[in-house]
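Trainee: I have the structure open and would like to go through its strands and rings. Can we take them in turn?

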Amino acid sequence: MPTGHGNDGFDREPRKGLPENTFREIAPRLRSLLTYRIMANFPGAPPARSLVFRRAPVSLVLFFTSDPSRDAKFCRKPATARQSLHASVALRAVLAASLALGCFCQSSTMAAAEDSPGASPSARIQSLKLGLNGALKVGRWASATATIDSSKAQKLRLIIESIDPDGNPTRHESPWRDVPEGPSIVEGLFQLGRVDKAGTAEVVVRVSLENPNGRLATTRAVASDAATDDSKSEEGQTVRFLRPLLQSALMVGVLGNREPIAALGEKSPLRESPVSLVPFTASDLPANSLALESMDVLLVMGLPSLTDASKQGLQEWVRRGGHLVLCAATEKEAFVQSPWDWGVLPVEGSSRLRELSGLERLAGKGPRIPITGSLRATRLSNFRGDVRVSGLDGPLLVRVPFGFGRISFLGVDVDRAPLAKWEPLGDLLRKMVVRVSESTGSRQRQKSSQIATPGLSDLATQLRVAQDEFSDVQRFSTWSVMGLIIAYVILLGPLDYFLVHRLLKRPQLTWITFPALVLITTFAAVAGARAVNGSTSRVNQIDVVDVDLESGLLRGRSSLSFYSPSTQRYALDWQPATSKWSPAASGDDKSNTAAGSKPPAAAVVWDGIPEDSFGGMYRAAGSGVTRPEYRIASESPPLPDLPVPVWATKTIAAQWEHPAQGLALSQLTSPIVGQLSGSLIHNLPGELSDWVLAYGNRVYLPRPRRDGSTAPIPPGTPWTPGRIDVFQRELNGYLTGTIATRVKNKKPQLSDEVIVEQTPWNPQLRDPLDILRMITFHDKAEGALYTGLNNDGLRPLELSPILDFNRAILFGQIEVPAGALRQHTDADAHGNTTTPETRVTTIVRLVLPVVQTGTTLNQLPNYNPNPTSREKLFMDPQNSDEPAEAEIPTPGTTPAPETPKP
């Protein structure tokens with residue numbers, strides 16, 4: 001644990017790579033280097049006196065003459081003997097101190113050079129790639145993939161050095177890996193914390209290769225507008241990667257045939273803000289799903305092959321909330337044998353189409369699709385999802401849920417004729433990958449009537465402000481500080497004058513009263529600050545736990561604001577409370593899950609806000625010289641030396657996931673569109689309070705009691721939406737606080753007047769429950785228009801798209817934390833931990849399946865499986881002898897039998 005004390009004010013561990021006997025070995029060399037004698041070079045010089053400066057184990061000896069007349073040569077004008085002696089000593093002391101500092105830095109560099117095998121490293125970095133083909137987002141996990149050449153089999157890991165939002169250098173350490181002799185690939189994860197919003201400041205990331213004995217090689221990566229195709233990283237060469245994107249941008253990865261995207265041109269609607277296209281190959285897909293966090297949508301042309309590791313990582317990314325868009329016309333056998341058959345797209349086979357008017361209407365403008373003959377398309381069977389475009393042979397463009405994410409499937413090839421050369425193809429693809437709220441968010445925010453708050457442009461920032469407030473820490477307001485300053489000036493000025501001149505009538509006493517008043521006010525200010533700011537570490541913790549009943553997946557995200565009463569380094573660890581959130585588990589938290597598996601590892605890192613103000617990520621990516629460095633380790637604890645200044649906070653985020661079976665049982669049905677019936681039972685570790693149940697465009701709410709409270713939903717008890725203490729209303733009106741009041745007109749001949757009132761969004765709101773409710777249904781509430789704030793920082797927590805797939809969302813609060821922040825003690829050698837004083841807010845969101853029991857509206861017509869010759873003409877005119885102007889039968893009707901020709 002920390003043993004030293006650095007010049008940054010934080011206790012730090014001894015620097016690795018420097019043995020304890022380094023200075024002892026080079027002491028003779030430094031002693032001869034740091035010994036200087038300044039003597040007069042003329043006959044008859046008097047004997048010199050020595051002045052010794054010691055810094056063990058090195059002594060600096062400075063000689064100066066004892067003749068003041070000789071020393072007076074260092075002064076501009078004649079001086080007395082004592083003055084010249086003092087000036088000479090001071091000047092030589094400054095020169096000696098500067099020389100000692102430079103030599104000390106040189107000796108540290110020499111010692112580090114002797115410690116590291118830099119002359120003949122056992123492994124070198126041949127090439128380096130950051131993110132997805134050089135693209136990444138600020139504040140999101142990204143991968144660093146290094147191709148190395150090792151001269152022997154050894155243990156290696158990557159060290160990725162970047163900065164956090166506060167400007168502190170961070171070291172992301174990848175797990176140790178046993179690499180064989182020869183070329184191999186080593187991967188690591190990191191997050192970039194600062195990027196200039198204007199794009200003018202340089203962004204630098206350093207990637208180092210390290211073995212247990214020390215650092216072997218270092219490569220410097222610099223952001224630019226265009227990354228090089230071949231990211232070589234030989235020693236001394238700089239690697240280029242794309243300038244990091246802001247969190248407001250929508251990163252769309254393109255996999256497969258990229259010719260249609262390239263043919264669209266730079267002015268295609270798909271390339272407009274906020275969409276950023278990132279083409280890459282299947283080999284660029286990382287195995288770790290966290291490395292795909294920067295990507296919002298993956299657009300796949302055809303059915304390219306994938307490795308098993310890439311397929312599993314891609315499935316985890318979609319299940320966590322990603323959006324996969326597949327464009328392929330395929331047969332059932334080819335689709336089943338491809339790596340894209342995930343069991344949610346029931347492909348029956350292929351069909352022939354001649355008209356694609358549905359795609360033309362979706363694109364919204366431009367010429368018609370030039371079809372000559374027929375076009376092969378994929379035929380889908382019945383499935384649970386949303387049909388966006390349908391044809392005579394069934395659904396053509398569909399969306400299906402997959403965990404917390406979704407898959408969009410277009411059953412035609414857009415990389416082949418006629419769609420590849422269709423001019424509005426960019427508009428069609430944009431409608432497929434971009435939601436309406438994402439494409440019109442900027443325009444809506446400009447029209448918002450909300451008053452802008454300085455430094456507040458995102459809901460994540462408002463949540464952070466609410467999280468940084470500690471009930472036991474009562475800060476002085478700005479007016480209070482200004483009042484104390486005025487009182488201090490009055491105390492030292494008029495009151496002191498009145499005391500010594502009027503009362504005591506001894507003005508010379510001001511030499512005693514003035515410093516006494518300064519000392520008294522100083523000690524009072526220090527004592528008051530300590531009393532107000534407290535003397536114990538505290539944590540404000542906000543947990544968001546999501547449970548998907550269909551996939552049995554539980555994902556969690558915890559944001560923790562750690563308050564430090566002193567300038568100190570902390571060893572922090574996060575442990576999810578797995579047993580409390582697994583009904584089948586027994587025992588305490590150490591019993592893990594019911595299957596007895598290892599507790600899920602949490603990805604712990606700093607947490608930033610998407611702002612260009614103080615503490616935000618959209619600032620110049622520079623770091624101060626005195627900023628303390630810390631590590632983000634792959635082992636426990638993940639934050640072994642986190643520095644936190646006195647009376648300040650540091651916000652960290654932890655995310656994890658694990659299977660969760662039996663947390664709820666849903667038997668909800670929908671007899672009518674937008675209506676719910678049936679029942680549900682939850683087995684959460686506590687009762688659910690302040691709940692709302694959203695389904696479609698409706699929301700079910702508990703009726704308030706006489707005292708203003710509402711009835712919670714206890715665990716293990718059946719609950720039905722038709723209870724007498726439950727009422728429903730429109731979801732958008734509930735989220736925006738819209739109330740319609742009917743006012744009866746006094747004149748009988750006139751109709752009643754309806755007055756609509758809307759409660760404006762309060763940017764000073766500090767209730768995490770209300771802020772997270774708006775984040776959850778941001779699109780359904782038209783949040784950019786209503787609140788005037790973005791939802792870029794916490795976009796992965798948006799659940800509005802799930803309501804489009806005939807599923808309900810139960811949102812509520814529970815009094816049981818999802819995990820605990822553990823603080824490792826300094827003097828502990830056995831791994832014991834303590835838990836700081838914590839205030840927890842836990843939000844639970846259950847995704848419930850709903851069975852449709854009523855009549856389905858807009859049902860597609862049943863097509864005749866045994867078409868006549870005229871119907872065959874409609875599907876493929878080349879396989880019929882009928883004329884082109886033959887009558888086309890009405891879909892869903894059975895034509896009369898034809899009279900045989902003679």
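Trainee: Over how many bridges do strand 39 and strand 40 pair?

Mentor: Bear in mind that this is a predicted model. Strand 39 covers residues 819-824 and runs antiparallel to strand 40. Within strand 40, Thr834 is the residue opposite Gln823. The number of bridges between the two strands is 2.

Trainee: Which strands stand at the edges of that sheet?

Mentor: The sheet is open, with 4 strands in the order 29-26-39-40 and antiparallel pairing. An edge strand has a single partner strand, so one side of it is left without a neighbour in the sheet. That applies to strand 29 (639-644) and strand 40 (833-834).

Trainee: Is strand 12 largely enclosed or largely open?

Mentor: Count its buried residues, taking buried as under 20% relative accessible area. Strand 12 spans residues 204-211, and 6 of its 8 residues are buried. The rest of the structure therefore leaves strand 12 largely enclosed.

Trainee: How many bridges join strand 8 to strand 12?

Mentor: Strand 8 covers residues 154-163 and runs antiparallel to strand 12. One residue pair to look at is Ile159 with its bridge partner in strand 12, Ser208. The bridges between strand 8 and strand 12 number 5.

Trainee: What do strand 12 and strand 13 form?

Mentor: Strand 13 (residues 214-224) is antiparallel to strand 12, and 8 bridges join them. Asn211 stands opposite Gly214 in strand 13. With 2 residues between them, strand 12 and strand 13 form a hairpin.

Trainee: Now the rings. How many residues apart are Phe335 and Phe409?

Mentor: There are 8 aromatic pairs in the count. Phe335 and Phe409 make an edge-to-face pair, with 6.3 Å between centres and 70 degrees between the planes. The pair links distant parts of the chain, from Phe335 in helix 6 (residues 332-337) to Phe409 in strand 23 (residues 405-410), and the separation is 74 residues.

Trainee: Why does Phe335 count as buried?

Mentor: The cut-off for buried is under 20% relative accessible area. Phe409 is buried as well, with a value of 0%. Phe335 counts as buried because its relative accessibility is 1%.

Trainee: Which residue forms one aromatic cluster with Trp340 and Trp342?

Mentor: Trp340 and Trp342 are a stacked pair, 6.2 Å centre to centre with 25 degrees between the planes. Both Trp340 and Trp342 are buried. The cluster also includes Phe402.

Trainee: At what distance from the ring centre of Phe404 is Arg555?

Mentor: A charge over a ring must be within 6 Å of the ring centre. Arg555 lies over the face of Phe404, and the distance is 4.3 Å.

Methods: Residues numbered from 1 in each chain as written. Predicted model: local features only at pLDDT ≥ 70, side-chain atom pairs only at ≥ 80, totals over all residues. Heavy atoms only, no water. Phe/Tyr/Trp six-rings, centres within 6.5 Å; stacked < 30°, edge-to-face > 60°. Buried < 20%, exposed > 50% of the residue type's maximum accessible area, 1.4 Å probe, protein only. Lys NZ or Arg CZ within 6 Å of the ring centre and 35° of its normal. Pairing = 2+ DSSP bridges.
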